[in-house]
Amino acid sequence: MTEVHQAITAHLQKQHAILKQFAELEQERERYIEEAVMLCRNGQPFTVEKINAVTKKMNELAKQGVVPARKYVTVEMVKEYVERSKK
């Protein structure tokens with residue numbers, strides 16, 4: 001019985017670590033998205049490289065089935081968002 005308990009505990013700890021890492025990456029991704037949106041609104045050049053580097057890490061975690069995958073962001077997506085938010 002102790003082995004089962006240890007296995008369950010280890011599994012839950014692993015899931016908790018994945019969730020914690022995912023939440024941290026989500027915050028980092030949102031920060032980069034906000035940065036790109038702000039630059040776009042101000043007519044300044046921007047890229048989505050940082051956003052998608054974090055997205056890649058998040059999607060690697062998602063392969064383990066605990067957290068959802070995220071879409072990669074394009075420059076066009078940021079521009080469309082900025083245009084919609086002006087209205």
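A salt bridge here is a side-chain nitrogen of Lys or Arg within 4 Å of a carboxyl oxygen of Asp or Glu. The structure holds four salt bridges. This is a predicted model, in which local features need pLDDT of at least 70, side-chain atom pairs count only at pLDDT 80 or more, and totals for chains, interfaces and linings use all residues. Residues are numbered from 1 along each chain as its sequence is written, and side-chain values use heavy atoms, with hydrogens and water left out.

**View 1. Arg-70 and Glu-26 form a salt bridge.** The N to O distance between the two side chains is 3.0 Å. Arg-70 sits in the loop between H2 and H3 and Glu-26 in helix H1, so the pair ties together parts that are 44 residues apart in sequence. Helices (H or I, at least four residues) and strands (E, at least two) are DSSP runs, numbered from the N terminus. Arg-70 is partly exposed, at 26% relative accessibility. On this scale, buried means under 20% relative accessible area, exposed over 50%, and partly exposed in between (1.4 Å probe, protein chains only).

**View 2. Lys-50 pairs with Glu-35 in a salt bridge.** Their side chains meet at 3.8 Å, N to O. Lys-50 belongs to helix H2 and Glu-35 to helix H1, and the pair links distant parts of the chain, 15 residues apart. Both ends have some exposure to report. Lys-50 is partly exposed at 45% relative accessibility. Glu-35 is partly exposed at 36%.

**View 3. Lys-86 and Glu-83 are bridged within helix H3.** The N to O distance is 3.3 Å. The two residues are three apart, about one turn of the helix. Lys-86 is exposed, with a relative accessible area of 58%. Glu-83 counts as partly exposed, at 42%.

**View 4. Nine residues make up the largest nonpolar core.** A nonpolar core is a set of buried Ala, Val, Leu, Ile, Met, Phe, Trp, Tyr and Cys residues joined through side-chain atoms within 4.5 Å. The members are Ala-36, Val-37, Cys-40, Phe-46, Val-48, Ile-51, Val-73, Val-78 and Val-82. Two elements, H1 and helix H3 (75-86), give two or more residues to this core. H1 gives the most, with three residues. Val-37 is in contact with Val-78, Tyr-81 and Val-82, leaving aside its neighbours within four places in sequence. Contact means heavy atoms within 4.5 Å. A second, separate core has eight residues, including Ile-18, Phe-22, Leu-61 and Ala-62.

**View 5. Val-54 is buried in helix H2.** The helix spans residues 49-62. Val-54 has a relative accessible area of 2%. Not counting residues up to four places away in sequence, Val-54 touches Leu-25, Glu-28, Arg-29 and Tyr-32. The C-alpha atoms of Val-54 and Lys-14 are separated by 20 Å, with their positions 40 residues apart along the chain.

**View 6. Thr-55 makes a polar contact with Arg-29.** The two side chains meet at 2.8 Å. A polar contact is a pair of N or O atoms within 3.5 Å; within protein, one must be able to donate a hydrogen and the other to accept it, and residues adjacent in sequence count only if both atoms are side-chain atoms. Thr-55 lies in helix H2. Its relative accessibility is 0%, so Thr-55 counts as buried. Beyond residues up to four places away in sequence, Thr-55 touches Arg-29, Arg-70, Lys-71 and Tyr-72.

**View 7. Asn-52 contacts Tyr-72 and Val-73.** Neighbours within four places in sequence are left aside. Asn-52 is placed in helix H2. At 17% relative accessibility, Asn-52 counts as buried.

**View 8. Val-4, Ile-8 and Leu-12 form a nonpolar surface patch.** Together they have about 270 Å² of accessible area. Accessible areas come from the Shrake-Rupley method with a 1.4 Å probe; for residues, only the protein chains shown count as cover. Patches are made of residues with over 30% relative accessible area and no salt bridge: like charges are joined within 9 Å, nonpolar side chains (Val, Leu, Ile, Met, Phe, Trp, Tyr) within 5 Å. Val-4 lies in helix H1, residues 2-41. Val-4 is partly exposed, at 48% relative accessibility.

**View 9. Gln-13 is exposed in helix H1.** Its relative accessible area is 52%. Gln-13 and Ser-85 are 72 residues apart in sequence and 41 Å apart in space, C-alpha to C-alpha.
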